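Please open the structure in your viewer and keep the selection panel at hand. The tour below moves from one selection to the next.

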Amino acid sequence: MKTMQQGWLSIWLVKHEVVHRSLGFDHRGIETLQIKVGDWDSIVVILYVYGYNYLRSQCAYDIAPGGSLASVYHLTRIQYGIDNPEEVCIKVFAQKDNPRIPSVFWIWRSANFQERESYDMVGISYDNHPCLKRILMPESWIG
């Protein structure tokens, strides 16, 4: 049986007793983690303090019929003089019956339109987002 490797972030979270699930590494070697909704606010602060100062992208998708919704964050640690910046991918899952996830707008302003698009297209509500309204569909759209 093949064992899954853990990256530095997963090891750090285990050491500090933060519940998460390592999802391994993608094809480019970027560590991917699943974080509980309730831990997302503290993980955001940890990542920002460690130097993940750039939200490269955020998206959301429906995992399966009757399942959960996922909000995915690709974060990059940008530093001067570094050719290959560190990256991490965080997936936060929300139940379809109450899809709520804390917004990261207050730490990465680039989340503004990205979280709005995820709200509009997938239906995840981002708590404490300053302007969570539809960005693509008309306000009268149901669904």
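## A walk along the strands

Begin by selecting residues 68–77, which make up strand E4 of this predicted model: 10 of its 10 residues are buried, so strand E4 is largely enclosed by the rest of the structure. In a regular strand, the side chains alternate between the two faces of the sheet. Colour the two sets separately and you will find Ser68, Ala70, Val72, His74 and Thr76 pointing one way from E4, while Leu69, Ser71, Tyr73, Leu75 and Arg77 point the other way, with all of them buried.

Next, add residues 54–62, which form strand E3, and follow the eight bridges through which E3 and E4 pair in the antiparallel sense. A useful place to stop is Tyr61, which stands opposite Ala70 in E4. From there, trace the chain through the hairpin that E3 and E4 form, where five residues lie between the two strands and Gly66, in the turn, has a positive phi of about 75°.

Now turn to residues 86–95, strand E5, which runs antiparallel to E4 and is joined to it by 10 bridges. To locate one pairing, select Ser71, whose bridge partner in E5 is Val92.

Finally, move to Thr32, which lies in strand E2, residues 31–35. Is Thr32 buried or exposed? Its relative accessibility is 9%, and because buried means under 20%, Thr32 counts as buried. Setting aside residues up to four places away in sequence, display the residues that Thr32 touches, namely Arg21, Ser22, Leu23, Gly24, Asp26, Cys89 and Lys91.

Technical notes
Residues are numbered from 1 along each chain as its sequence is written. This is a predicted model: local features need pLDDT of at least 70, side-chain atom pairs count only at pLDDT 80 or more; totals for chains, interfaces and linings use all residues. Side-chain values use heavy atoms; hydrogens and water are left out. Buried means under 20% relative accessible area, exposed over 50%, partly exposed in between (1.4 Å probe, protein chains only). Helices (H or I, at least four residues) and strands (E, at least two) are DSSP runs, numbered from the N terminus. Two strands pair if DSSP finds at least two bridges between them. Contact means heavy atoms within 4.5 Å.
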